[in-house]
Amino acid sequence: MPELPEVETIVRDLQHVVGTTIRSAELTHVDILRGVTRPKLLEGLKGRRIDTLTRRAKHAVFTLGDRRLVVQPGMTGSLLVHTKPLTPEEAKYAVLRATLSDGRLLVYRDVRRIGTLLWLDAKGWARYDSALGPEPLEPEWTVEHFAGRLAKSSAAVKKILMDQKHVVGIGNIYANEALFAAKVDPSKPGKKVGIEAAARIREHSIRILEAAIRSQGTTFRDYRTGTGERGNFQLELFVYGREGEPCRVCGTRLSGTHDIDARATVFCHRCQT
Ligand SMILES: [Zn+2]
């Protein structure tokens, strides 16, 4: 699923829709909706101005007056703006289509429809926002905060780093990369990590997320930027997707496991002790 750098890229690429008004909207499938019905969403979108488009955690947030449309792109989800009518191929997976006041079409495309759409009022937004942890690229994510969360948990450090209650936006790709850079064993229990290693993990997480934004995210299969391009950060990965290949630091064969969180964890048993 797209993580912070990918969603940040999409949101930056689509700033040109801010200030337009949604003339009408269509939805081909309701299975991506959460807590809202099709008529309620479509009637709600109609005639509303897009005031801002921002990112929270791994989600794109359109603010439309007192409502928010929260798009959580799944593994195969993307947001795109079309200036011409959709080709049959483009139309096939265009789940949500909003016609803008300037005639362009804002599309949420999702091949497997793993993503979700939320339509929130002020109260719903407050509840959604408060359930999420701090943003890693904001000053609120301090060493003290992170080390405090680690110290209270016997879960694997990788799981804690990916838990959106503790810090948002970091998923499997960037957790693997940050722990490698920080030289920390991903299976280490949080309470055994200690303040120095916590500080290293935080520092490298921030550095890697920022570098990935500069590279417009990581594309393995489906992720595309807001202009339909591939990201480039896959070229800079040290461990993710490299199980069995030599470590770029020490040359040892990288190990892989699914035992930590049922996701692919790749690490160097020599560098990450
Ligand atoms: Zn190594």
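**Note on a surface patch and a zinc site**

1. Met1, Met75 and Ile114 together make a nonpolar surface patch of about 260 Å². The model is a predicted one.

2. Of the patch residues, Ile114 lies in the loop that runs between strand E8 (105-110) and strand E9 (116-120). Ile114 counts as partly exposed because its relative accessibility is 43%, and partly exposed covers values between the 20% limit for buried and the 50% limit for exposed.

3. The zinc ion is held by four sulfur donors: the SG atoms of Cys247, Cys250, Cys268 and Cys271, at 2.3 to 2.4 Å. Along the chain these donors show the spacing C-x2-C-x17-C-x2-C. Within this set, Cys250 and Cys271 link distant parts of the chain, 21 residues apart. Cys250 sits in the loop between helix H8 (194-214) and strand E10 (255-257), and Cys271 in the segment after strand E11 (265-267).

4. What arrangement do the 4 donor atoms take around the zinc ion? The arrangement is tetrahedral, because the donor atoms subtend angles of 101 to 114°. For reference, the ideal angle for four tetrahedral donors is 109.5 degrees.

5. Are Cys250 and Cys271 buried or exposed? Cys271 is buried, because its relative accessibility is 13% and the limit for buried is under 20%. Cys250 has a relative accessible area of 27% and is therefore partly exposed.

6. How many disulfides does the structure hold? The count is 0. A disulfide would be a covalent bond between the sulfur atoms of two cysteines. The SG atoms of Cys247, Cys250, Cys268 and Cys271 coordinate the zinc ion.

How values were computed
Residues are numbered from 1 along each chain as its sequence is written. This is a predicted model: local features need pLDDT of at least 70, side-chain atom pairs count only at pLDDT 80 or more; totals for chains, interfaces and linings use all residues. Side-chain values use heavy atoms; hydrogens and water are left out. A disulfide is a pair of cysteine sulfur atoms within 2.5 Å. Buried means under 20% relative accessible area, exposed over 50%, partly exposed in between (1.4 Å probe, protein chains only). Donors are N, O and S atoms within 2.8 Å of the metal (3.2 Å for Na, K and Ca); water is not among the atoms, so sites may look incomplete. Four donors count as tetrahedral if all angles lie between 85 and 135 degrees; four count as square planar and six as octahedral if opposite donors are over 155 degrees apart and all others between 65 and 115; anything else is irregular. Helices (H or I, at least four residues) and strands (E, at least two) are DSSP runs, numbered from the N terminus. Patches are made of residues with over 30% relative accessible area and no salt bridge: like charges are joined within 9 Å, nonpolar side chains (Val, Leu, Ile, Met, Phe, Trp, Tyr) within 5 Å. Accessible areas come from the Shrake-Rupley method with a 1.4 Å probe; for residues, only the protein chains shown count as cover. A salt bridge is a side-chain nitrogen of Lys or Arg within 4 Å of a carboxyl oxygen of Asp or Glu.
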